[in-house]
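User: I am new to this structure and would like a close look at a single part. Please take the aromatic rings, and then show what else belongs in the picture.

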Amino acid sequence: MGERFKTERNIYMNEIKLKRLLIEDLTTIGVPTDFNLNIKGYSKCYNGLYNPRKREVVIYAKEENGEFRDYSILLMTALHEATHHFQYNYQKGFKRVKGVMHSPTFYSIYNTYTQKARKINLLSEGDLQNEL
């Protein structure tokens, strides 16, 4: 887990603080954050979602037992969903291919973001090895 989170992030976490921290960290990484970030509890099926019509990123922040997931997982989920946002709104000529959610270009953009997060110690090498 990134060093920054160890000192500040898992203690007394709540949805409002999590939203603020994620937006702050995404901005620091250089990710466009002109979307609505919605923090929800547990989902059996998803870690996060992006709705392009609403320009909304949803993060399912809790485990089944109601505890918050590790911040590194939440940040990687936010980066993943923000990559979808980037493609839909900033990638010139982007058109989603039916049945293909993650193209090679998607992974290239996502990997650029995660490596930036690693370089500024928001994520650790271990976080990237244990990726979603």
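Analyst: Start with one helix. Helix H3 covers residues 71-90, and both Phe86 and Tyr90 lie in it, 4 residues apart, which is about one turn of the helix. Note that the model is a predicted one.

A pair of aromatic rings is described by two values, the distance of the centres and the angle of the planes. The count comes to 6 aromatic pairs, where rings pair if their centres lie within 6.5 Å. For Phe86 and Tyr90 the centres are 5.8 Å apart and the planes stand at 20°, so this pair is stacked. The cut-off behind that word is an angle under 30 degrees. Phe86 has a relative accessibility of 22% and counts as partly exposed. Tyr90 is also partly exposed, at 41%.

Another pair is formed by Tyr88 and Phe94, and its geometry is edge-to-face. The ring centres of Tyr88 and Phe94 are 5.1 Å apart, with 70° between the planes. An angle over 60 degrees is what counts as edge-to-face. Tyr88 has a relative accessible area of 33% and is therefore partly exposed. Phe94, with 22%, is partly exposed as well. Tyr88 and Phe94 also belong to one aromatic cluster, together with Tyr50.

Tyr50 leads on to the sheet, since strand E2 spans 48-51. The sheet is open and has 3 strands in the order E1-E3-E2, with mixed pairing. E1 and E2 stand at the edges with a single partner strand each, so one side of each has no neighbour in the sheet. On average, neighbouring strands here are turned by 15° against each other, direction ignored.

The pairing of E1 with E3 can be followed by residue. Strand E3 takes in residues 56-60, runs parallel to E1 and is joined to it by 5 bridges. Asn36 has Glu56 as its bridge partner in E3, and Asn38 has Val58. Within E1, residues 36-40, the side chains alternate between two faces. Leu37 and Ile39 point to one face and are buried, whereas Asn36, Asn38 and Lys40 point to the other and are not buried. Helix H2, residues 15-29, lies across E1 and E3 and runs at about 140° to E1.

Two loop residues complete the picture. Most residues other than glycine have a negative phi. Arg55 is not a glycine, yet its phi is positive, about 50°. Arg55 sits in the loop between E2 and E3, and its relative accessibility of 28% makes it partly exposed. Asn121 is likewise not a glycine and has a positive phi, about 65°. The place of Asn121 is the loop between helix H4 (104-119) and helix H5 (125-129). With 38% relative accessibility, Asn121 counts as partly exposed.

To return to the rings: Phe86 and Tyr90 are stacked, Tyr88 and Phe94 are edge-to-face, and the cluster adds Tyr50 to Tyr88 and Phe94.

Technical notes: Residues are numbered from 1 along each chain as its sequence is written. This is a predicted model: local features need pLDDT of at least 70, side-chain atom pairs count only at pLDDT 80 or more; totals for chains, interfaces and linings use all residues. Side-chain values use heavy atoms; hydrogens and water are left out. Buried means under 20% relative accessible area, exposed over 50%, partly exposed in between (1.4 Å probe, protein chains only). Two strands pair if DSSP finds at least two bridges between them. Axes are lines fitted to C-alpha atoms, for helices over the stretch in contact, and angles run from 0 to 180 degrees between N-to-C directions. Contact means heavy atoms within 4.5 Å.
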